[in-house]
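Got a model open and not sure how to read it? Let's go through a few features together, one at a time.

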Amino acid sequence: MFEVLVYLYETYYRPDACPDPAALVKKLSAIGFEEEEISKALGWLTDLAETNQEFATQYPQQAAFSFGIRIYARQETEVLGVAAVGFIQFLEAAKMLNPVQREIVIGRALAAGESPISLEKLKVIVLMVLWSQGKEPDGLMFDELFLDDEDDEPRSLH
């Protein structure tokens with residue numbers, strides 16, 4: 001699923017630049033992605049779009065007025081893992097994610113179906129949440145998302 005998501009990010013500047021779902025499925029299949037992975041990725045993206053819409057409708061002012069501290073439930077910390085929780089907190093403290101985006105990232109990470117989720121996959125989720133909202137990561141965030149920890153060389157997304 002994550003390889004499909006990265007391909008979509010690299011290929012389409014914005015979500016609305018993607019072809020219609022039927023054409024996109026054909027294109028992804030022709031490239032060599034498996035049908036199950038395509039289905040998971042597109043379902044995950046559909047749920048992300050619905051979540052974005054829900055938060056925009058129900059909590060339009062939440063990001064501007066939220067100053068609380070996020071306490072993670074045991075289930076969330078089990079799925080996310082310590083490294084992912086720390087990374088999310090770092091992004092929020094650095095003002096790279098607002099509280100609404102944080103909640104969307106957490107929800108999408110829980111929906112990924114992996115426990116614990118790897119930090120690399122969480123970074124893809126963060127990128128996809130921003131991409132789905134038409135936001136580009138700033139230079140510092142992009143470096144943080146895609147610098148290889150071992151040699152400080154930019155790594156490819158897939």
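What follows is a short dialogue on helix packing, backbone oddities and a pocket in this predicted model.

Q: How do I describe two helices that pack together?

A: In general, two packed helices are described by the angle between their axes and the distance between the axes. Here, take helix α6 (residues 99–111) and helix α7 (residues 119–132): they pack at an angle of about 130°, and their axes are 10 Å apart.

Q: What does that angle make α6 and α7 to each other, oblique or roughly antiparallel?

A: Angles over 145 degrees count as roughly antiparallel. With their angle, α6 and α7 are therefore oblique to each other. As for handedness, α6 passes α7 in a right-handed crossing.

Q: Which residues make the contact of α6 and α7?

A: From α6, look for Gln-101, Ile-104, Val-105, Arg-108 and Ala-109. From α7, the partners are Leu-122, Ile-125, Val-126, Val-129 and Leu-130. Sorted by class, that contact has 8 nonpolar residues, 1 polar and 1 charged.

Q: How do α5 and α6 pack?

A: Same recipe, an angle and a distance. Helix α5 (74–93) packs with α6 at an angle of about 155°, their axes being 11 Å apart. So α5 and α6 are roughly antiparallel to each other. The crossing of α5 and α6 is right-handed.

Q: Which residues of α5 and α6 meet?

A: On the α5 side you'll find Glu-76, Val-79, Leu-80, Ile-88 and Glu-92. They meet Pro-99, Arg-102, Val-105, Ile-106, Ala-109 and Leu-110 in α6. This contact of α5 with α6 has 8 nonpolar and 3 charged residues, with no polar ones. Val-105 and Ala-109 are also listed in the contact with α7.

Q: What should I look for in the backbone?

A: Most residues other than glycine have a negative phi, and most peptide bonds are trans. Lys-95 is not a glycine, yet has a positive phi of about 65°. You'll find Lys-95 in the loop between α5 and α6.

Q: Is the peptide bond from Ser-115 to Pro-116 cis or trans?

A: That bond is cis, with omega near -10°. Pro-116 sits in the loop between α6 and α7.

Q: How do I read the largest pocket?

A: Start with the space, then go to the lining. The largest pocket holds about 340 Å³ of space. There are 16 lining residues, and nearest the centre lie Pro-15, Cys-18, Leu-45, Thr-46 and Ala-49.

Q: Which helices supply the lining?

A: α2 (21–31), α3 (35–58) and α7 each give at least two residues. The largest share, 6 residues, is from α3. By class, the lining of the largest pocket splits into 11 nonpolar, 3 polar and 2 charged residues.

Key
Residues numbered from 1 in each chain as written. Predicted model: local features only at pLDDT ≥ 70, side-chain atom pairs only at ≥ 80, totals over all residues. Heavy atoms only, no water. Axes fitted to C-alpha atoms, helices over the stretch in contact; angles between N-to-C directions. Helix = DSSP H or I, 4+ residues; strand = E, 2+ residues; numbered from the N terminus. Parallel < 35°, antiparallel > 145°, perpendicular 65-115°, else oblique. Left-handed = near helix turned anticlockwise from the far one by under 90°. Contact = heavy atoms within 4.5 Å. Nonpolar A, V, L, I, M, F, W, Y, C, P; charged D, E, K, R; others polar. 1 Å grid on protein atoms, 1.4 Å probe; cavity = no way out; pocket = protein on both sides within 12 Å on 5 of 7 lines; lining within 4 Å. Points joined across faces, edges and corners; volume = space filled by probe spheres on them.
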